[in-house]
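Biologist: I have a sequence and a model to go through before I plan anything at the bench. Could you take my questions one at a time?

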Amino acid sequence: MKVLYFDCSSGISGNMTLGALLEITGEEQFLSDELKKLGIDGYGIEISKKVKNGITGTYVDVILEQEHHHAHGCHEHSHEHQHEHRNLNDVNSIIDNSSLDDKVKELAKKIFMRVARAESKVHNKSLEEVHFHEVGAIDSIIDIVGTSILINKIHPDKIISGIVNDGYGFIECAHGTMSVPVPATSEIFASSNVKFRQIDIDTELVTPTGAAIIAELAENFTTLPVMSVQKIGWGVGSKDLKIPNVLKVYYGEIEEQKEDIVVMETNIDDASGELFGYTQDMLLKNGALDVFFTPIYMKKNRPGYRMSVACRREDLFRLQNIIFRETTTIGIRYRFESRTELERKMIEIDTKYGKIKAKKVRNNGEEYIYPEYESIKELAMKHDIPLKEFYKLEELSEWK
């Protein structure tokens, strides 16, 4: 499984992310060519190597025409310019009207939406009313769309982050003096699953753009898993601190987690068989992998049933809610288990009786064909032939 791991121990910003991802892809010209698809001008991108506390990394600077570039402040680029009036709809139009890949567009718009929602909350305005540098400025567009382009290019199976560190104190920005984390960054953290903390650095380490990027990209926030590292990207920021102002991104392989199945169980002795049948249907329709019942004897030797449900981790709470709603149980046990799955795909087989849907399964170089019950049941009834005869059809054994 290809994984990107973001080490945000010195925070994260849009241009630090671009720098780190560029070191992994090594595709500066590709990024430049793709960004041209946005159809906006008035900027240039300067990519250079900078040293921070002895660590050399890539620094990406968005230079606006006829302007002096200032150091990063409350947001990536704190200067004023003629594009500050752009709002979320303007940005989405620029992205939608470009010839960028659909996945790039989708990711960029999701990241922008996180910034927009935070700014909307902070300024107590609707999304349509908010006009702000963080979404409207060219540099934010380049940082966020550029990040989306490079993530799509790398195409990792999974993205993980460490705990995100921000500093403390106060910082000057377009809206005046703000405490760190700045309000927009705080709101982005609050409306996501980001795990963050403050460390002993008296300045801003996480910009709203950086917060939105990591909130959207990372599935979870934990220490580096067991990984076979292939590349490391170092993206540097503009500040000189007592710690290296560097975002480190690892790219490599981790073994796929085997514990991907949840098995839930509950014992019930005060519900009718019809309730069980209905609940089974509801669970299977909502993503359960398997549902079965085992007759058991419970307290005082009362006859009852053990309901067993296998599902994916992400479906656990939704399916638990169905069990609580539809049955009389008041408690559900669950555990995580490993399973081995064979590669399979659905096929259609032409037979003398009509088409049969079947699973084609591969195991250790061999192929097996298993017809779908509902498919052969329909033909058995239509032709008045015993169901078992369909399992003997030559077309099934000879199909390749």
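Biologist: Is Lys36 buried or exposed?
Modeller: Relative accessible area sorts residues into buried (under 20%), exposed (over 50%) and partly exposed (in between), using a 1.4 Å probe and protein chains only. Lys36 has a relative accessible area of 57%. That value is over 50%, so Lys36 counts as exposed.

Biologist: What kind of model is this, and which pLDDT do side-chain atom pairs need?
Modeller: Residues are numbered from 1 along each chain as its sequence is written, and side-chain values use heavy atoms, with hydrogens and water left out. The model is predicted: totals for chains, interfaces and linings use all residues, local features need pLDDT of at least 70, and side-chain atom pairs count only at pLDDT 80 or more.

Biologist: Which residue does Lys36 meet in a salt bridge?
Modeller: A salt bridge here is a side-chain nitrogen of Lys or Arg within 4 Å of a carboxyl oxygen of Asp or Glu. The partner of Lys36 is partly exposed, with a relative accessible area of 36%. The N to O distance is 3.9 Å, and the partner is Asp33.

Biologist: How many salt bridges are there by this rule?
Modeller: The pair of Asp33 and Lys36 is one that meets the rule. By the rule, the count comes to 23.

Biologist: How many residues apart are Glu216 and Arg114?
Modeller: Glu216 and Arg114 form a salt bridge, with their closest N and O atoms 2.7 Å apart. Helices and strands are DSSP runs numbered from the N terminus (H or I, at least four residues, for helices; E, at least two, for strands). Glu216 lies in helix α8 (residues 208–217) and Arg114 in helix α4 (residues 102–123), so the pair links distant parts of the chain; the separation in residues is 102.

Biologist: Is Glu216 buried or partly exposed?
Modeller: Its partner Arg114 has 22% relative accessibility and counts as partly exposed. The value for Glu216 is 22%, so Glu216 counts as partly exposed.

Biologist: With which residue does Arg318 form a salt bridge?
Modeller: Arg318 counts as partly exposed at 40% relative accessibility. Its partner counts as buried at 10%. The closest N and O atoms are 3.1 Å apart, and the partner is Asp315.

Biologist: Which residues are joined into one network by salt bridges that share partners?
Modeller: The network is built from salt bridges with partners in common. The residues joined are Glu265, Arg333, Arg335 and Glu337.

Biologist: The side chain of Lys52 reaches the backbone oxygen of which residue?
Modeller: Lys52 sits in strand β2 (residues 43–52) and counts as buried at 4% relative accessibility. Contact means heavy atoms within 4.5 Å, and beyond its neighbours within four places in sequence Lys52 is in contact with residues including Val236, Asp240 and Pro244. At 3.0 Å, its side chain reaches the backbone oxygen of Lys239.

Biologist: Which residues does Gln320 touch, not counting those up to four places away in sequence?
Modeller: Gln320 is in helix α10 (residues 316–326). At 11% relative accessibility, Gln320 counts as buried. The residues it touches are Met264, Ile332 and Tyr334.

Biologist: Is Tyr334 buried or partly exposed?
Modeller: Tyr334 lies in strand β15 (residues 333–337). Its relative accessible area is 40%, so Tyr334 is partly exposed.

Biologist: How many disulfides does the rule give?
Modeller: A disulfide is a pair of cysteine sulfur atoms within 2.5 Å. Cys8 is buried at a relative accessible area of 0%, and Cys173 is buried at 14%. By the distance rule, the count of disulfides comes to zero.

Biologist: Is the peptide bond from Val180 to Pro181 cis or trans?
Modeller: Pro181 is in the loop between β7 (176–179) and α7 (183–190). Omega for the bond from Val180 to Pro181 is near 0 degrees, and the bond is cis.

Biologist: What is the phi of Asn53?
Modeller: Asn53 is in the loop between β2 and β3 (55–64), and it is partly exposed, with a relative accessible area of 44%. Its phi is positive in a residue other than glycine, near 50 degrees.

Biologist: What is the phi of Lys300?
Modeller: Lys300 is found in the loop between β13 (290–297) and β14 (303–312). Lys300 is exposed, with a relative accessible area of 77%. Although Lys300 is not a glycine, its phi is positive, at about 60 degrees.

Conventions. A polar contact is a pair of N or O atoms within 3.5 Å; within protein, one must be able to donate a hydrogen and the other to accept it, and residues adjacent in sequence count only if both atoms are side-chain atoms.
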